[in-house]
Amino acid sequence: LAASNAFNSLMLPSASLMSGTLESLSGLGEDGSSVGSDSEINGLTVRRTDKYGFLGGNQYSESGEKEVRVEVARQREMKWLDMFSNWDKWIKHRFQKVKLRCRKGVPSSLRAKAWQLLSNSQELLNANPGKFEELEREQGEAKWLDIIEKDLHRQFPFHEMFAARGGHGQQDLYRILKAYTIYRPDEGYCQAQAPVAAVLLMHMPAEQAFWCLVQICEKYLPGYYSAGLEAIQLDGEIFFSLLRRTCPMAYRHLKKFKIDPILYMTEWFMCIFSRTLPWSCVLRVWDMFFCEGVKIVFRVGLVLLKQMLGSVDKLRELQGMYETMERLRNISPDTIREDILVQEIITLPVTEALIERECSIQVRKWRESRGELTHQPGRRLHGTRAIYEYKRRASAISSGGSFSFLGSPVPPPGPLRVIWMLGRGKTKQKPFEVISSAGTEDRNASNVDEDVFIVLLNVVSECVP
């Protein structure tokens, strides 16, 4: 229960407020049906749903939003369908183009397919036929099921899919979250997984959403939903250090009032901004996140702080910790414009390399002050390209391959980087010196221990002239 309780204690008030704002919606529809486009709930007329399915609330989108012309939308769809038909080739040879198209926004009609391919969850689904149904049939632990059931009505109560208590949306959400606790019993359930799974369910069936959630938890944000929340705390330190580089004014203000990152960025990062931004912005952020990884999450957080705390005029209104926290907890959707937000995210100079370098520094500081981490930060893969490379190299090794990654000009992630350095003659150090100097993220990149490193290095010494 540790992860669930820890997240609950750190959750912002906005989450609990959201859960109670449309209480009448929670009780509608005894038959479990969702609300239609024009509905009457307990005698109250509810306005028509927006194009995303929201009935109201902060994430309701007014009809005045700029619409893409039909012919432009069709052209974009055709380009994406062409990529789908040769996906691996596009990722291998034309990834920059894929990234550019994700930054422009995935067509809504193809978003489900795109997210599954970008995250490689489609392949996971194909490799595990019947697994989801098998997990569903298992009993599950009562302690997790009880918490999950209590959390269902809190997830997007303004959205037609989750408005009805016991409706199909809540039922599918329960199925996914229960299945994950059985799939990963060591992790169980964390309350921040519920909104993430709910967003996925808005776009795809339960089984597909489940495998997509697995990839988010294991490849994109490993450790985020584990007991103790070490990963999110570590990323909070990395985030604060990056803030000092990108917006010193906001950094000094937060430091002055001793506002730790964990107080405001926990919900942002763990829910991937699904409870924070206008919905059109949420979708654009998720499109980029699935393609480029956690770098996008860091960038969005930094851009938001820059927008809210990045000028003298804005700080004049925030004379203490209370006022600052209120501003961070209640970001007005009227202050966020989709096109400006996306442009600032794209141009912010925060790279994977910078995040990993800062990660090494913060891991060292953590060990000096708090002892050893149980979380292993190097397990994180930075988006589609990294997942593709990881899959390709793992496949080569498992099939008794020839360590073809040694010929690559780009070092692989994690412990394989040590082998790459030795194999390409990038270092004159002895193997053990390479391991000891390879950086924290390399030594802890997976559950590979020192003995396995020695075996791999011995194999390399036989393979590499």
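**Close-ups of a predicted helical model**

**View 1. Leu229, a buried loop residue.** Leu229 has a relative accessible area of just 1%, so it counts as buried, the cut-off being under 20%. Keep in mind that everything in these views comes from a predicted model. Where does Leu229 sit? Look in the loop between helix H13 (206-220) and H14. Its backbone is worth a glance too: Leu229 is not a glycine, yet its phi is positive, about 50°.

**View 2. Lys258, an exposed loop residue.** Here's another positive phi, this time about 55°, and again the residue, Lys258, is not a glycine. You'll find Lys258 in the loop that links helix H15 (248-256) and helix H16 (262-270). Is Lys258 buried or exposed? With a relative accessible area of 67%, Lys258 is exposed, whereas Leu229 is buried.

**View 3. Helix H14 meets helix H22.** H14 covers residues 230-246 and H22 covers residues 352-370; their axes lie 9 Å apart, at an angle of about 120°. The two helices are therefore oblique to each other, and H14 passes H22 in a right-handed crossing. On the H14 side, the residues touching H22 are Glu230, Gln233, Leu234, Glu237, Ile238, Ser241, Leu242 and Arg245. Their partners in H22 include Leu354, Cys359, Val363 and Trp366. What kinds of residue make up this contact? Sorted by class, the contact of H14 with H22 has 8 nonpolar, 3 polar and 5 charged residues. As you trace the helices, remember this rule: an α-helix has 3.6 residues a turn, so residues three or four places apart point the same way.

**View 4. Helix H18 meets helix H21.** In this pair, the axes of H18 (residues 294-309) and H21 (residues 338-347) come within 9 Å, crossing at roughly 120°. That makes H18 oblique to H21. The crossing of H18 past H21 is right-handed. Ile296, Arg299, Val300, Val303, Leu304 and Gln307 are the H18 residues here, and they meet Ile340, Leu341, Glu344, Ile345 and Ile346 in H21. The contact of H18 with H21 breaks down into 8 nonpolar, 1 polar and 2 charged residues.

**View 5. Helix H7, tucked inside.** How many of the 9 residues of H7 (residues 111-119) are buried? The count is 8, so the rest of the structure largely encloses this helix. Those buried residues are Arg111, Ala112, Ala114, Trp115, Gln116, Leu117, Leu118 and Ser119. Just after H7 comes Asn120, with a positive phi near 65°.

**View 6. Helix H6 and the residue after it.** H6 spans residues 95-104, and its buried residues are Phe95, Val98, Lys99, Arg101, Cys102 and Arg103. Gly105 follows H6 and has a positive phi, near 110°.

**View 7. Cysteines without a disulfide.** Count the disulfides in this structure and you get 0. Take Cys291: the nearest cysteine sulfur belongs to Cys102, 3.9 Å away, and Cys291 is in no disulfide. A disulfide needs the two sulfur atoms within 2.5 Å. Cys291 is buried, its relative accessible area being 0%. Cys281 is buried as well, at 2% relative accessibility.

**View 8. Zooming back out to the chain.** The chain's secondary structure adds up to 27 helices and 2 strands. Of its 465 residues, 55% count as buried. Among contacts with a separation of 6 or more, 72% involve residues 24 or more positions apart in the chain.

Technical notes
Residues are numbered from 1 along each chain as its sequence is written. This is a predicted model: local features need pLDDT of at least 70, side-chain atom pairs count only at pLDDT 80 or more; totals for chains, interfaces and linings use all residues. Side-chain values use heavy atoms; hydrogens and water are left out. Axes are lines fitted to C-alpha atoms, for helices over the stretch in contact, and angles run from 0 to 180 degrees between N-to-C directions. Helices (H or I, at least four residues) and strands (E, at least two) are DSSP runs, numbered from the N terminus. Angles under 35 degrees count as roughly parallel, over 145 as roughly antiparallel, 65 to 115 as roughly perpendicular and the rest as oblique. A crossing is left-handed if the near helix is turned anticlockwise from the far one by less than a right angle, and right-handed if clockwise. Contact means heavy atoms within 4.5 Å. Ala, Val, Leu, Ile, Met, Phe, Trp, Tyr, Cys and Pro count as nonpolar, Asp, Glu, Lys and Arg as charged, and the others, Gly among them, as polar. Buried means under 20% relative accessible area, exposed over 50%, partly exposed in between (1.4 Å probe, protein chains only).
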